[in-house]
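Open the model in your viewer and keep the selection tool at hand. We will go from stop to stop, and at each one you will hear what to select and what is there.

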Amino acid sequence: MGKKQKTWIEFWNSESLVSSPRWEKNMRRFLQGVENFFTFSKDDIVLDIGCGPGYLEMFLKDRVKEIHCVDTSKQFIDQCKENFKEDKNVFFYLLSADYTDLSFLNSMKFSKIVCSNVVQYYNHANDLEKLILEVKDIAGCNAEFIITDLMGGNLFSDTWGNIKAGINEDLLCDTLLFFLKAMLSEYRRVLLDNKLLLFSQEELHKLIEKLEISAEILNYRLSINYNRRHLLIHF
């Protein structure tokens, strides 16, 4: 009998692959990159989709009114609840296996929504469409939704984007260690079982047209990786 396949949700619930400096560096790069068009203010109620260990919350909690954070990883949610237990404006929720279902937040309206470095781990390409429609239901008037790190091209170009960033961001040793750990850990087996989602520029344009949304595709850097694109949606 073959070994049972492990899902990305199961992997991220026990993840120990990404180092703290890498998490932090990536979030600093995001905040630096968006500051001219996706600014956060004291009136903002923010939704962080795929919050991970909470680095966006660490940087934003004193700059916004509230941050609501969701993730499929119980490990990350438990960790965040402990780390932010003194912060009364930060809230955490564990997503179900139906990870695009945000209906439990329907009583709220968010002004800024962030989904950073998450979508490539979704099971199906149409889950991106589901996510956008779910967010549309909970977005306030003039809200903005940014989805970062959409992978395009192929895994080789994405890997090179990470290595190039490691060289330029003084994270080369960390990056090489990341790839070594990835190849020797459960990550490699889960990757072989599940792959990563890729979205071409054309596919994103077609999605924008299908959903009839006001959106733009951003091709400059909002994360450590040089070779990813991002989707900014205006509601």
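A residue counts as buried when its relative accessible area is under 20%. The model you are looking at is a predicted one.

**First stop: a tryptophan.** Select W8, in helix α1 (residues 8-12). Is W8 buried or exposed? Its relative accessibility is 2%, so W8 is buried.

**Next: its ring partner.** The structure holds 10 aromatic pairs. One of them joins W8 to Y121, edge-to-face, with 4.8 Å between the centres and 65 degrees between the planes. Y121 sits in the loop between β4 and α5, so to find it you have to travel along the chain: W8 and Y121 are 113 residues apart. Y121 is buried too, at a relative accessible area of 16%.

Keep Y121 selected and add W12. These two rings also meet edge-to-face, at 5.1 Å centre to centre and 70 degrees between the planes. W12 belongs to helix α1 as well, and 109 residues separate it from Y121. With 14% relative accessibility, W12 is buried. Now add F11 to the selection: ring pairs connect W8, F11, W12 and Y121 into a cluster.

**Next: strand β4.** Select residues 110-116, which make up β4. How many residues of β4 are buried? The count is 6 of the 7, so the strand is largely enclosed by the rest of the structure. While you are here, look at K112, which lies over the face of F38 at 5.9 Å from the ring centre.

**Then: the strands beside it.** Show β1 (residues 45-49), which runs parallel to β4 and is joined to it by 3 bridges. For one point to look at, pick L47, whose bridge partner in β4 is I113. Now show β5 (residues 139-151), also parallel to β4, with 6 bridges between them. Here C115 stands opposite I147 of β5. To follow the chain from β4 to β5, trace it through helix α5 (residues 126-138); this β-α-β crossover is right-handed.

**Last stop: S116.** Select S116, which lies in β4. S116 has a relative accessible area of 13% and is therefore buried. What does the side chain of S116 make a polar contact with? The partner is the side chain of T148, at 3.0 Å. Leaving out neighbours within four places in sequence, show the residues in contact with S116: I49, T148 and D149.

Notes: Residues numbered from 1 in each chain as written. Predicted model: local features only at pLDDT ≥ 70, side-chain atom pairs only at ≥ 80, totals over all residues. Heavy atoms only, no water. Helix = DSSP H or I, 4+ residues; strand = E, 2+ residues; numbered from the N terminus. Buried < 20%, exposed > 50% of the residue type's maximum accessible area, 1.4 Å probe, protein only. Polar contact = N/O pair within 3.5 Å; in protein donor to acceptor, adjacent residues only side chain to side chain. Contact = heavy atoms within 4.5 Å. Pairing = 2+ DSSP bridges. Right-handed = clockwise from strand over helix to strand, strands pointing away. Phe/Tyr/Trp six-rings, centres within 6.5 Å; stacked < 30°, edge-to-face > 60°. Lys NZ or Arg CZ within 6 Å of the ring centre and 35° of its normal.
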